[in-house]
Structures are given as C-alpha cells and as structure tokens.
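Me: I'm new to this one. Can you walk me through it?
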Amino acid sequence: MADPFHANDVIGNPSSRNDPLGSEFALAVALAFYAAGCVLIVVTGPTLGTLHAFAAFVVIAAVAALNQLLPVLTHAPNARAGIVFTIASAFAIGFSLLIAGFYGAHSFGAAAVVLATSAAFWVGWSVLRLFQGRDERRTRALAFFALAAFLAAAGLGAAMAGALGDLWALPIFALAPVHALLAIGGFASILIITISYRFVPMFAVAHANAYGSWGTAWLAALGVLVAAGSFERSPIGLRIGLIALVAASVGIGISHLKTLSSRLRARLDVSLRYGQVAWTFGIFASASALAGTWQPRMFPAALVLAILGWLSITILGYAYKIVGFLTWQGAKTRMPTARLPALGNAVDLPLAYAALGLMTTGALVAAACTFVESSLARVGYDIYALGGIAAVVAIARLAARYLFASEGARG
Amino acid sequence: MDNQKRIVRLDNRGLAPPEPMMRILTTIEDFDRDAILVANMDREPIFLFAELHDRGFAYSCDPEIGGGYLLKVYRE
C-alpha cells in the first residue's frame with residue numbers, strides 16, 4: 001500500500017526556503033579568491049595583494065554564510081538570489097581592482113569606491129534583515145557587532161585605497177594595523193564564533209548547552225575593541241585587549257572540546273576535524289599577537305597564523321558541510337526519488353585530510369620562519385598553497401557529485 | 001495498513017537549535033517501518049534533512065498556515 005506521506009517525500013516547500021543559488025555563487029567566488037591567494041603566495045610571496053585575495057575569500061564567504069543562516073536561525077526574511085549575486089559580484093570586482101593595484105595597476109581609486117559602496121550596502125541590507133529577525137537575540141547581537149566592525153574596517157581600508165589612488169591625501173596609513181585588527185578580530189573572528197555556536201553542536205549532533213557561555217564571545221569582542229582603541233596610544237591598553245582576546249579564545253576552545261566530547265555522532269566529520277585544527281590556530285594567533293606587544297616580530301607571525309590557519313581552515317572546513325548540503329539539497333529538489341550518495345560519505349576524505357595536513361604544516365612553518373625572519377618561510381607558503389588548492393579541489397569534487405548526479409540513479 | 005502505524009508526536013516549538021534535531025534523532029533511533037514521527041517546528045530543520053537521509057529515513061516538511069513547519073519522518 002502506498003505510504004500516505006511518500007508523495008511529499010521532498011525537502012519541504014521550496015517557495016518557503018531561502019534561494020540557495022545566491023549563496024552557492026558567493027561560495028564559488030570566495031573559493032576562487034582563496035585559490036588565487038594560494039597561487040599568488042607561491043608566485044609573489046606574502047604581499048599585500050596576496051593578503052587581500054585571502055581577505056576577499058573571507059568577506060565573500062561571509063556574505064554567503066550570513067545569507068544562508070539568517071533566515072534559518074532568526075526568521076529574518078529570505079533573500080532573492082539576485083541580491084546576493086550582486087553583492088558577491090561587487091565585492092569580487094572591488095577586491096580584484098584592489099589586488100591589481102597592489103601589483104601595479106592604477107586601480108586603487110576605483111577599488112576604494114567599489115569596496116566602500118559594496119560594504120555599506122551589504123552591511124545596511126544585513127542589519128535590516130537582522131532587525132526583521134525575531135529569534136536568536138544573542139546571535140543577532142553578535143552579528144551586529146561583526147558587521148559594525150566590518151564597516152569600520154572597510155571604511156579604513158577604502159580610505160587607504162583612496163589615498164593610494166590619489167583620490168585624497170589622508171595621513172591614514174598608520175592605521176593599517178587597526179584596519180587588520182578590526183577585519184580579522186572584530187569582523188571575521190566574531191562572525192565565525194557566532195556561527196560556530198550553532199554550527200558546532202549541529203555538526204557534532206550535540207546539545208547546545210554543552211557549548212558554554214556566550215560571554216566568551218563578548219569577551220573576544222571587547223578585547224578587539226580595547227586593543228583597536230588603544231593602538232599607538234596606550235601599549236598597556238593594547239596588551240589588556242589582547243589578553244582578553246587570548247582568554248576568550250581559550251575559553252571558546254574549551255567549550256568546543258566539551259561539545260565534541262558530548263556528541264552523539266560516533267566519528268568527527270571532516271568539518272569538525274578542520275574546526276579543531278583551526279581553533280588551535282586561533283589560540284596560537286591570539287597568543288602570538290599578545291606576545292607581539294613584547295616582541296614586535298611576533299605580529300607578522302600572528303597574521304600568518306590568523307589568516308592561513310584560523311580563518312581559512314575554519315571556513316574551508318565549514319564549506320565542506322555547506323557546499324555539500326546546498327548541492328545535495330539542489331539535487332534532491334531536482335530529483336526527489338533519486339538515490340543520492342549520503343552526504344556523510346560524499347567527501348574524498350584522503351584528499352581532504354591530506355590538504356589539512358599540508359595546510360597545517362605550511363602555516364606553522366611559514367609562521368615560525370616569519371618570526372625568525374628566515375627565507376625558509378617561502379617553503380612554508382608553498383606547502384600551504386599545495387594543501388589549500390587540494391582542499392578547493394576536494395570541495396569542488398564534493399559539489400560535482402550532486403550537481404552532476406544522474407537522474408538514472410532513481411530509487 | 002496506514003492505520004496500524006505508530007504515530008509519535010513531538011512539539012519542538014520554542015526550542016533553540018540544535019535541540020529540535022537532537023530530540024528527533026534520539027526519538028527515531030529505534031524506529032521501525034511502522035512508526036511515523038510528526039513534529040511541530042518553529043524553523044525548517046535544514047541540517048536535519050541530510051542526517052535523516054544518511055540514516056535511511058524519508059521525510060516531508062511543510063509550512064503551516066499559522067507559522068512554523070510540520071515535519072513527518074519515517075523509515076524508507
């Protein structure tokens with residue numbers, strides 16, 4: 001006898017769901033910038049152009065992540081794919097102009113205008129959606145903070161790009177470390193922490209109450225604010241801010257371990273393995289930044305640990321889950337009765353873990369050699385880039401399994 | 001026969017993620033083919049779908065007129 005529910009054996013009502021096309025596009029663009037960063041770091045070394053290729057990766061991945069998660073978590077309204085497509089494209093153009101400027105093109109002025117406009121629009125649009133959400137007050141509050149930090153960082157960045165492009169003559173370049181601190185600590189790190197409060201328990205199949213207090217996230221936010229506000233004015237204030245950041249990152253790391261130890265899932269999946277490595281890099285990065293208040297050579301090493309380790313490995317790890325889910329969802333909607341590969345078995349694990357090993361080794365070697373000012377840092381960047389490209393290939397292969405799934409595989 | 005199916009109801013409204021997913025996965029652990037889970041949800045549990053698929057369950061999730069979603073889960 002026919003099952004009364006079988007006719008509805010699809011994943012919900014598509015009209016009620018966020019259109020995943022915009023997020024899929026943004027993630028693809030973000031991963032392309034990450035791959036470009038890996039190529040640039042091998043070909044040209046750790047230049048400002050390379051640094052901003054990784055920055056583009058982080059920002060555009062954040063566009064995708066916020067777009068996909070806001071409606072699910074907070075009941076904020078769903079977004080049309082076209083808006084997300086436009087925002088991701090605008091950031092891609094702006095960052096491309098900026099990167100080209102660092103390699104000699106006369107594009108800083110245009111980059112400043114495009115990036116400032118894109119940032120203002122994205123932040124304004126996202127804040128509006130956050131106001132329209134009715135659930136998850138703590139998630140929305142932290143997301144507000146991250147977006148405000150992004151706007152400040154983007155404003156400083158656009159002002160510097162404009163000055164480089166002779167649009168104006170502002171004595172602003174001394175604020176470059178504040179720009180970096182707000183972008184890495186205030187925006188990207190706080191956003192990842194916010195998302196992780198919901199992602200880690202869901203990925204691990206664990207109770208959320210094992211994941212500790214939201215206070216540690218606000219301690220990290222406060223640390224970033226104090227450190228950024230004290231920069232070049234109060235060395236003690238800078239140190240106090242970074243101490244708060246280290247304490248918060250250790251606290252969040254402990255909560256992370258508690259969650260994983262109480263999980264129902266027998267084995268950690270690839271996203272959580274990447275997450276474990278990335279959180280360790282996060283603690284190393286904040287501790288290195290604090291050590292930099294005594295030994296300034298630690299600051300560039302902290303930057304390497306934060307960007308190549310903490311931010312990139314976290315986002316790549318989450319991308320396995322999100323890219324897999326979005327493409328699986330698309331295939332399931334297209335072919336409701338097809339026997340699709342289980343998501344848990346769809347990742348090429350040997351490739352994904354080889355990539356993680358190379359990225360970890362490369363980032364550690366690069367950071368250590370940067371600290372001792374050894375030219376061997378180059379070897380670390382080469383190893384890292386090899387791992388980074390392998391991770392992008394593993395994610396692309398995962399997506400391809402569902403994007404090109406055959407209708408003939410019907411169950 | 002459909003009327004012989006054991007219907008298990010869960011009200012997950014008011015719970016923050018991932019508690020609805022945890023309750024559902026715990027509840028269906030020992031489900032056989034004669035059991036159906038019917039759950040009221042505040043949110044569409046998008047990450048749950050892949051977990052159900054990987055565990056061999058079929059499902060439907062439809063928006064309700066008054067808000068929220070009605071999720072039905074049963075073994076394939």
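What follows is a quick chat about the sheet of chain B, a few unusual backbone spots and some residues of chain A.

Me: What kind of model is this?
Reply: It is a predicted model. The predictor gives the complex an ipTM of 0.74 and a pTM of 0.90.

Me: And chain B, what is its mean pLDDT?
Reply: The mean is 87. In chain B, 96% of the residues reach 70 or more.

Me: Where in chain B is confidence lowest, and where highest?
Reply: H2(B) is lowest, at a mean of 84. S2(B) is highest, at 94.

Me: OK, the sheet. What order do the strands of chain B come in?
Reply: The order is S1-S2-S4-S3. It is an open sheet of 4 strands, and the pairing is mixed.

Me: Which strands stand at the edges?
Reply: S1 and S3 of chain B do; S3 covers residues 57–63. Each has a single partner strand, so one side of each is left without a neighbour in the sheet. From one strand to the next, the twist averages 15 degrees.

Me: Mixed how? Is S1(B) with S2(B) parallel or antiparallel?
Reply: Parallel, over 6 bridges. Val8(B) has Leu37(B) in S2(B) as its bridge partner.

Me: What about S2(B) and S4(B), parallel or antiparallel?
Reply: Antiparallel, also counted over 6 bridges. Here Leu37(B) has Val73(B) in S4(B) as its bridge partner.

Me: And S3(B) with S4(B), in which sense do they pair?
Reply: They pair in the antiparallel sense, over 7 bridges. S4 is residues 69–75 of chain B. Ala58(B) stands opposite Tyr74(B) in S4(B).

Me: How many residues of S2(B) are buried?
Reply: 7 of its 7 residues, which span 35–41.

Me: Why would one strand have two sets of side chains to cover?
Reply: Because side chains in a regular strand alternate between the two faces of the sheet. In S2(B), both faces are covered. Ala35(B), Leu37(B), Ala39(B) and Met41(B) are buried on one side. Ile36(B), Val38(B) and Asn40(B) are buried on the other.

Me: Where do the helices of chain B come in? Start with H1(B).
Reply: H1(B) joins S1(B) and S2(B) in a right-handed β-α-β unit. H2(B), residues 46–54, lies across S3 and S4 of chain B. H2(B) runs at about 155 degrees to S3(B).

Me: Which domain does UniProt list for chain B?
Reply: The unreviewed UniProt entry lists "domain: DUF2249" for residues 10–60. That span is 35% helix and 25% strand. Its end C-alpha atoms lie 15 Å apart.

Me: New topic: odd backbone. Is the peptide bond from Pro17(B) to Pro18(B) cis or trans?
Reply: It is cis, with omega near 5 degrees. Pro18(B) sits in the loop between strand S1 (6–11) and helix H1 (19–27) of chain B.

Me: Why point that out?
Reply: Because most peptide bonds are trans, and most residues other than glycine have a negative phi.

Me: Which sign does phi have at Asp166(A)?
Reply: Positive, about 60 degrees, although Asp166(A) is not a glycine. Asp166(A) is in the loop between helix H5 (137–164) and H6 of chain A.

Me: And Val205(A), what is its phi?
Reply: About 55 degrees, so positive, and Val205(A) is not a glycine either. Val205(A) is in the loop between H6 and helix H7 (215–230) of chain A.

Me: Are those two residues buried or exposed?
Reply: Asp166(A) counts as exposed, because its relative accessibility is 69% and the cut-off is over 50%. Val205(A) is buried, because its relative accessible area of 1% is under 20%.

Me: While we're in chain A, where is Ser189(A)?
Reply: Ser189(A) is in helix H6, residues 176–204. It is buried, with 11% relative accessible area.

Me: What does Ser189(A) contact?
Reply: Setting aside neighbours within four places in sequence, Ser189(A) is in contact with Ile184(A), Trp310(A) and Leu311(A).

Me: Last one: Ser288(A). Buried or exposed?
Reply: Buried, with a relative accessible area of 8%. Ser288(A) is in helix H9, residues 270–291 of chain A. Beyond neighbours within four places in sequence, Ser288(A) is in contact with Met298(A), Ala302(A) and Leu305(A).

Me: How far is Ser288(A) from Leu238(A)?
Reply: Their C-alpha atoms are separated by 13 Å. Along the chain, the two are 50 residues apart.

How values were computed:
Residues numbered from 1 in each chain as written. Chains lettered and ligands numbered in written order. Predicted model: local features only at pLDDT ≥ 70, side-chain atom pairs only at ≥ 80, totals over all residues. Heavy atoms only, no water. Helix = DSSP H or I, 4+ residues; strand = E, 2+ residues; numbered from the N terminus. Buried < 20%, exposed > 50% of the residue type's maximum accessible area, 1.4 Å probe, protein only. Contact = heavy atoms within 4.5 Å. UniProt positions renumbered as here; feature names shortened; annotations may be inferred. Pairing = 2+ DSSP bridges. Axes fitted to C-alpha atoms, helices over the stretch in contact; angles between N-to-C directions. Right-handed = clockwise from strand over helix to strand, strands pointing away. pLDDT = per-residue confidence, 0-100.
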